[in-house]
Amino acid sequence: KELLRAIDDMGFERPSEVQEATIPYILQGNDILAQAQTGTGKTASFGIPMIEKIQDKQLKSPQGLVLVPTRELARQVTEELKKLAKYKRFIKLAAIYGGADMGKQLSQLRNGTSIVVGTPGRIMDHMKRKSLQLDQLEFLVLDEADEMFDMGFRDDMKTIIEKTNPNRQTLFFSATFDNNIKDFSKLYQDKPKKVILEKKELTAEKIHQYYLELNRNMKTEILNRLLLIHRPNKSIIFCNTKKMVDSLEVEMAQKGYQVASLHGDMRQSSR
């Protein structure tokens, strides 16, 4: 009842395809290997059954661990899980990631946490400090697993998983099923149920997309014209490289746009 009330507060009426496909399996105790991209509702896919199954055991160590590739995703997933756990007062959540106050994280973990959402590097830090124990873990989720492999977290993920309770339920969510995911599934999952969304469903429904094939030297001018035609209030532009981000920022600023850069070589405070 508490969970249904929270879902109702969030304005959900029908489950998305990935939720409909995975939630029953997870509630039955199965491991899951799901192909799902951002925007398909996957946080609720693992969040709803995990929150439903976690019992008030007064445990200090977490019963659920969600590994994510970035601090932004850690914050986002934690906020979503907090909304779902709104009426289950005993469930405490902590977001554990680098670049944040270590003291606050230590105190959250000391006071007891039901679900930890974190990035592999900072989770490893806490394990080394003995501030995070994973031997009582009932749920392990790798969210955007392919991104974590791409970012070089394979060894950290391996170390973390091997320190968890071997009887845990293991849920992998990934946009692609490459060899890394398949290897990890063989090593760490027990007869997982595979959920693959049809290609047409891999994009969030309400987003209109199109592409233009252009020579490199035409791109900035065409981008400028599109902005002049559509006059968007706000836009986000992705580039292949950090260098391209910096040079495009200069070019767009010269054309009179208010523009700011965001990439991994910038200091955290600037970002």
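**Strand β6 and the α6–α8 contact**

Strand β5 (residues 139-143) pairs with β6 in the parallel sense, over five bridges. The model is a predicted one. Strand β6 spans residues 169-174, and six of its six residues are buried, so the strand is largely enclosed by the rest of the structure. Helices α6 and α8 pack with their axes 9 Å apart.

**Pairing of β6**
- Strand β1 (residues 32-35) also runs parallel to β6, and four bridges join the two.
- On the β1 side, Q35 stands opposite S174 of β6.
- On the β5 side, F139 stands opposite Q169 of β6.

**Burial of β6**
- Both faces of β6 are covered.
- One side carries Q169, L171 and F173, all buried.
- The other side carries T170, F172 and S174, which are buried too.
- S174, the partner of Q35, and Q169, the partner of F139, are thus on opposite sides of the strand, and both are buried.

**Packing of α6 on α8**
- Helix α6 covers residues 120-128 and helix α8 residues 154-162; the angle between them is about 45°.
- That angle makes α6 oblique to α8.
- The crossing of α6 past α8 is left-handed.
- From α6, the contact is made by P120, G121, I123, M124 and M127.
- From α8, D156, M157, T159 and I160 take part.
- Of the residues in this contact, six are nonpolar, two are polar and one is charged.

Notes: Residues are numbered from 1 along each chain as its sequence is written. This is a predicted model: local features need pLDDT of at least 70, side-chain atom pairs count only at pLDDT 80 or more; totals for chains, interfaces and linings use all residues. Side-chain values use heavy atoms; hydrogens and water are left out. Buried means under 20% relative accessible area, exposed over 50%, partly exposed in between (1.4 Å probe, protein chains only). Two strands pair if DSSP finds at least two bridges between them. Axes are lines fitted to C-alpha atoms, for helices over the stretch in contact, and angles run from 0 to 180 degrees between N-to-C directions. Angles under 35 degrees count as roughly parallel, over 145 as roughly antiparallel, 65 to 115 as roughly perpendicular and the rest as oblique. A crossing is left-handed if the near helix is turned anticlockwise from the far one by less than a right angle, and right-handed if clockwise. Contact means heavy atoms within 4.5 Å. Ala, Val, Leu, Ile, Met, Phe, Trp, Tyr, Cys and Pro count as nonpolar, Asp, Glu, Lys and Arg as charged, and the others, Gly among them, as polar.
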